[in-house]
Amino acid sequence: MKNKSYAFLSGLIAAVVIVVLQIITKQTLFVPNPYNSYMLQARAWLDGRLDLGMDYPYLELAIYNSKYFVSFPPFPSYVMLPFAALGFYGCDTFIAFISAVLGAVYSYKLAAEFTDENEALFWAMFVTIGSNVLFTSVNAWVWFIAQNLAFTLTVSAFYYAARGNAGAAFTLWACAVGCRPFQIIYIVVVLYLLCGVYKRQNPSDGIFDMIKKHIFSVTGACCVAVSYMLLNYMRFGNIFEFGHNYLPEFTRVETGQFNLVYIKQNFKNLFRLPMIVNGKIEFQNGDGFCMFIASPIIISFFAYWLTAQKKDRFVFSTAMALFWLHLIMITAHKTMGGAHYGNRYVNDTLPLILAVLAAYAKPHKINFIPFLLGLSLNIYWILKFFCQ
């Protein structure tokens, strides 16, 4: 067992950074935020209805059969449901804070499965407070808390997979998909980690032996998936429809929510450099900008991929292929996240990058440069975005 104090330290560092930013930007932990779609949905469920009962023009709501529905995958509302039942309607920012802190703790715990405490702590801080993950950690706006939870749940799923706990890994992965559906592709990583543990413990067993021993480990994930399907069917008559296709933004255009025509421009935005306006550097605050600036850990990922030893090249290259597959899926979306600083859609790939770097890379001192760059720039963007 790795030193538990380091896991506590990783959470403490993240908590201090986030709380200081929340104080400065006035993101109060126990006051309802204006973009609280998930809490509104949880309250509607408790009132016995699947729609919200009225329009909230400032929210992104799906309109179906003249009713208004939350258009995002529902898992964050699952988390808020017990709090809503107790009447704690203003705790969504607190939930976001707890999720972000747990994201740092589990980032350390995942990294510590592969490397020593100091290196694990560095990778954990790099991927959380040193990346654009920090931007989505300071409040619970509907767009941000889903990514916050998805990051924490995906990292946690990888951690339990690395420890051979298939039931927890599959269930947490399914929960992550209910926050950000494209996390579904990371079943590849979960299976890879689980297989590695199983083969080390049972070197003579074959694939079918492993399946037989873990056949009931998918029960939790199946229950979570069925809940999504039932909810989707009861709301929209389609088990795969979360509601985003019924947003007016997408129903008004022939190309809809996802289309290959969006890839060209959105892909460019992954590399979009800041502008020079009146002699000052200005970063775009819509649809993302250069992912290497927003989350410099991606620079390290590319550098280690290019310099990987022969024995590690296959894993790095496979991870790189999965990374780009995810980005192509993301760029097929009509927008790249609306108003925000950084490239927050790319945050969904960072659990993969963390797992690969922790397992196959030794953090060189030069990594402190992109870490400090990521930390300082994301703090700057948070202050600029929420205090302007």
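## Helix α8 and its buried side

The buried residues of α8 (buried meaning under 20% relative accessible area with a 1.4 Å probe, protein chains only) are Val189, Val190, Leu193, Leu194, Val197 and Tyr198. Because they cover an arc of only 160 degrees around the axis, they lie on the same side of α8, the arc being that of the directions from the helix axis to the C-beta atoms. These buried residues pack against α6 (142-162), α7, α9 (207-214), α15 and α16, where contact means heavy atoms within 4.5 Å.

This is a predicted model, in which local features need pLDDT of at least 70 and side-chain atom pairs count only at pLDDT 80 or more, while totals for chains, interfaces and linings use all residues. Residues are numbered from 1 along each chain as its sequence is written, and side-chain values use heavy atoms, with hydrogens and water left out.

## Packing of α7 with α8

Helix α7 (residues 166-177) packs with helix α8 (residues 187-201) at an angle of about 175 degrees, and their axes are 10 Å apart; axes are lines fitted to C-alpha atoms over the stretch in contact, and angles run from 0 to 180 degrees between N-to-C directions. The angle therefore makes α7 roughly antiparallel to α8, a term for angles over 145 degrees. On α7 the contact is made by Ala166, Ala169, Phe170 and Trp173, and on α8 by Ile187, Val190, Leu191 and Leu194.

## Surroundings of α15

In α15 (residues 310-331), the buried residues include Asp312, Phe316, Leu322, His326 and Thr331. Among the elements that cover the buried residues of α15 are α8, α12 (263-269) and α16 (350-360).

Key. Helix = DSSP H or I, 4+ residues; strand = E, 2+ residues; numbered from the N terminus. Parallel < 35°, antiparallel > 145°, perpendicular 65-115°, else oblique. Expected span 1.5 Å × (residues − 1). Buried < 20%, exposed > 50% of the residue type's maximum accessible area, 1.4 Å probe, protein only.
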